[in-house]
There are 4 protein chains.
Amino acid sequence: MAASSENHIRRSILDVTRHLLVQNGITNLSMRMISRRVGCSVGTIYFHFKSKDALVHTLIEEGFELLIAIMEQTASRTTNPLQRLKALCETYIQFAMKNPEYYEIMFMLKPERMERYPAEKYRRARHTLILIAEALEESTRRKLLLVKDPYQAAHLLWAFMHGLVSLLQARRMDARLDQQALIDAAIEKITVMFRADNENG
Amino acid sequence: MAASSENHIRRSILDVTRHLLVQNGITNLSMRMISRRVGCSVGTIYFHFKSKDALVHTLIEEGFELLIAIMEQTASRTTNPLQRLKALCETYIQFAMKNPEYYEIMFMLKPERMERYPAEKYRRARHTLILIAEALEESTRRKLLLVKDPYQAAHLLWAFMHGLVSLLQARRMDARLDQQALIDAAIEKITVMFRADNENG
Amino acid sequence: MAASSENHIRRSILDVTRHLLVQNGITNLSMRMISRRVGCSVGTIYFHFKSKDALVHTLIEEGFELLIAIMEQTASRTTNPLQRLKALCETYIQFAMKNPEYYEIMFMLKPERMERYPAEKYRRARHTLILIAEALEESTRRKLLLVKDPYQAAHLLWAFMHGLVSLLQARRMDARLDQQALIDAAIEKITVMFRADNENG
Amino acid sequence: MAASSENHIRRSILDVTRHLLVQNGITNLSMRMISRRVGCSVGTIYFHFKSKDALVHTLIEEGFELLIAIMEQTASRTTNPLQRLKALCETYIQFAMKNPEYYEIMFMLKPERMERYPAEKYRRARHTLILIAEALEESTRRKLLLVKDPYQAAHLLWAFMHGLVSLLQARRMDARLDQQALIDAAIEKITVMFRADNENG
DNA sequence: TATGAATGAGCATTCATTCAT
DNA sequence: GATGAATGAATGCTCATTCAT
């Protein structure tokens, strides 16, 4: 492609922003700081991105593209719906733990504090839920699980996973507990939760 | 009396702060704004609280006292451990949904961005986990559930509940789903998760 | 005398202020800090002193009273005018070095920055100069020195001493020089400066 | 050119700061006031100077460069050491009287109140003392004066001059005395102080 | 006498953003 | 494409002072 140098600095800005996001959180993110770290002027950032919000939007979009890509890849790799469910959950948690900065802006911002971040962008999260719901539904069809409302159930699984990763990332869980053991136990419980013989009404 | 009028403004400051916390989050919380809303000068806030941090600390402490109080009350009200477990979870979720501002400063701040908030205060959250762990353990003793590591299991339950309430509060779940139905379903799953005959490892 | 408790706290305020003055200088002196150190409320200070300025005025006055007292005592103790001159200079320097806080507010404040400090208070410094001028004049009369304008000469001596003590107090002189040796040398030079056979015009 | 307009405002900031320094002293110097007087925003000052301290540092450095430059120029102009000594003293006093704002930040701040002002900057004052000491030493070598410890003697002369200019600047000397006459008398005494036949120890 | 509560103006500093060049 | 210069509003916090009690 052409414009390689412009892409280079644009990419730098995005990457520096991501790193600063992990370190300082979104609220301590400043254009000045980004420019200093990138080694360009603030004006340059404004040339590539309309505003600070636009810069963060771009990262949010990138994050969702990345997450959806790996979730679909995972979904397509396994035909057994139960195994697929487990794999999807593992993929989600892995994504969150490996990309805390993406995860933060994708899932941990409150909408009322950033009305300016277009809601429609966040709705892409549903794609992930649909993949999970499909695995639940197919499992039910094949009598491997018994799930009445797969879409709602997908939300419950999401809640579980989200709670786990956000407490881990916030380092709020007892440090004496083994992190991987917790994740493994959680994933095991996920399949248990919807066992056919558990449904009781 | 003097005491009541002095308490009045102090209380006002705390309450206004809580409300602003829900609206704007902790990072958009400003002393000026609090004073404007309370109808006093900034200096007055500084008369009652040493600093912005001290003001937030007071709220954090209040929140934990409130949560622990109702959790213990709940725990003491029910002898059947399975019912107690359920009641504890309901109480926790209710607390979070009714007091989003307390919940935010208690459970949704990342430590690296609030080093100045004394860690020891946050450790009080463990009291809640211990109450849950005890219910799990007693249930196991009475063969109502089968939980190998009750403390770890309590963390898993906590993660589930935390994920649920934080996604609900952030309005990130599909609005077409009924909120109360989701909560009920979650609580039902919680007991299912540790059914005796589910343990397979 | 009666009013002992009131005097006690009043005295405390004055003494604490003096100590803070040495540590922080006049500009970092705050009513809050004084009250904290005294262990009373700010209001109490305002009961005893009309304002921060009035408090400092009181100290300035105290300082001048003290200085004038010891200068007069010194003057009255020695009849030989040359010895008296030397003793007066020694006394002045000693006062400055032992009471840096008094010295600061007495001699190191610029009038344009504190118009509110009544000039007439500062004029009391002239009493000191007159004692020195008298010693110079009497020395001249007795042909021990040759001083044409004793009052101007007193000002020169004052300048010398003031320069010495203020540079020493500000720790601006080379630390490798012995402080007492400098003072001794200065005092020696003072008598030399007005030797009869030095006058050449 | 661009360079001239950028320098223009930077220079304005420095000059306004100097003027405010004379009027109000360093402690009453505020960034707001500077910006108001310059006619720019506070942010602009912060664009040109990292902080208030950095701004003052720049002035301190400027002051020392100026003083050292004219002292060296004076030193190089006269070969006769006695005349050189006199000229150096005149130059020093002139500098102080003409640049009271530089003089204040260079010589009248107490170190405990300005720890942040790098000590190494102040040590440049010694250069001035060395020039004076050299003149004293050469005068002694040529038997024009008799000075045992020229470096200490230079400090004494400095003290004398510093006392004179700081009392004059603070307008603490009797206003009826002629200022220039005082300065002249002081300079005359300076040479007298170290006359060969005065040394008696 | 003494205090606790309150105020309003002030402080240094940082921020997202703009724009001529 | 990119920058340096500038802005105005915001931030947390401190200050001397007042006054009812």
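This passage walks through a predicted model, from the make-up of one chain to the way the chains pair, how helices pack, and what lies around a DNA strand. Since the model is predicted, local features are described only at pLDDT of at least 70 and side-chain atom pairs count only at pLDDT 80 or more, while totals for chains, interfaces and linings use all residues. As for labels, residues are numbered from 1 along each chain as its sequence is written, and chains are lettered from A and ligands numbered from 1 in the order in which they are written.

Let's start with chain A. It has 10 helices and 0 strands; here helices (H or I, at least four residues) and strands (E, at least two) are DSSP runs, numbered from the N terminus. Read along the sequence, that gives chain A the pattern α-α-α-α-α-α-α-α-α-α. Along the principal axes, its C-alpha atoms fill a box of roughly 60 × 45 × 30 Å.

Next comes the pairing of chains A and B. A turn of 179 degrees with a shift of 0.1 Å along the axis lays chain A on chain B with an RMSD of 0.3 Å (a least-squares superposition on the C-alpha atoms of residues with pLDDT of at least 70 in both copies). The two copies are therefore related as by a two-fold rotation axis. In chain A, Gly163(A) has the C-alpha nearest that axis, 1.7 Å away from it.

So what does the meeting of these two chains look like? In all, 37 residues of chain A are in contact with 36 residues of chain B, where contact means that two C-beta atoms, placed from the backbone, lie within 7 Å. On the chain A side, at least two residues each come from helix H8 (125–141), helix H9 (150–169) and helix H10 (179–193). H9(A) gives the most, with 11 residues. This side of chain A divides into 18 nonpolar, 10 polar and 9 charged residues; Ala, Val, Leu, Ile, Met, Phe, Trp, Tyr, Cys and Pro count as nonpolar, Asp, Glu, Lys and Arg as charged, and the others, Gly among them, as polar. Because 95% of the interface residues of chain A are also interface residues in chain B, the copies meet through the same surface.

Chains C and D also pair up. Chain C goes onto chain D with an RMSD of 0.4 Å by a turn of 179 degrees and a shift of 0.0 Å along the axis. Gly163(C) supplies the C-alpha of chain C nearest the axis, 1.6 Å from it. The contact involves 37 residues from chain C and 35 residues from chain D. Helices H8 (125–141), H9 (150–169) and H10 (179–193) of chain C each give two or more residues to the side that touches chain D, and the largest share, 11 residues, comes from H9(C). By class, that side of chain C has 18 nonpolar, 10 polar and 9 charged residues. Here 92% of the interface residues of chain C are also interface residues in chain D, so the copies meet through the same surface.

Other chain combinations stay apart. Chains A and C share no contact, and their closest C-alpha atoms lie 32 Å apart. Chains A and D don't touch either, with their nearest C-alpha atoms 12 Å apart.

Inside chain B, helix H5 (residues 81–98) packs against two other helices. The axes of H5(B) and helix H9 (residues 150–169) come within 10 Å and cross at roughly 30 degrees (axes are lines fitted to C-alpha atoms, for helices over the stretch in contact, and angles run from 0 to 180 degrees between N-to-C directions). Cys89(B), Tyr92(B), Ile93(B), Ala96(B) and Met97(B) of H5(B) meet Leu157(B), Met161(B), Leu164(B) and Val165(B) of H9(B). This contact has 9 nonpolar, no polar and no charged residues.

With helix H10 (residues 179–193), the axis of H5(B) comes within 10 Å and crosses at roughly 145 degrees. On the H5(B) side, the residues are Leu82(B), Leu85(B), Lys86(B), Cys89(B), Glu90(B) and Ile93(B), and H10(B) brings Ile183(B), Ile187(B), Ile190(B) and Thr191(B). The class count for this contact is 7 nonpolar, 1 polar and 2 charged residues.

Finally, there is DNA strand F. Among the 38 residues around it, Gly43(A), Thr44(A), Ser30(B), Cys40(D) and Gly43(D) come nearest; a residue is near a strand if its C-beta atom, placed from the backbone, lies within 6 Å of it. The surface near DNA strand F has 18 nonpolar, 13 polar and 7 charged residues.
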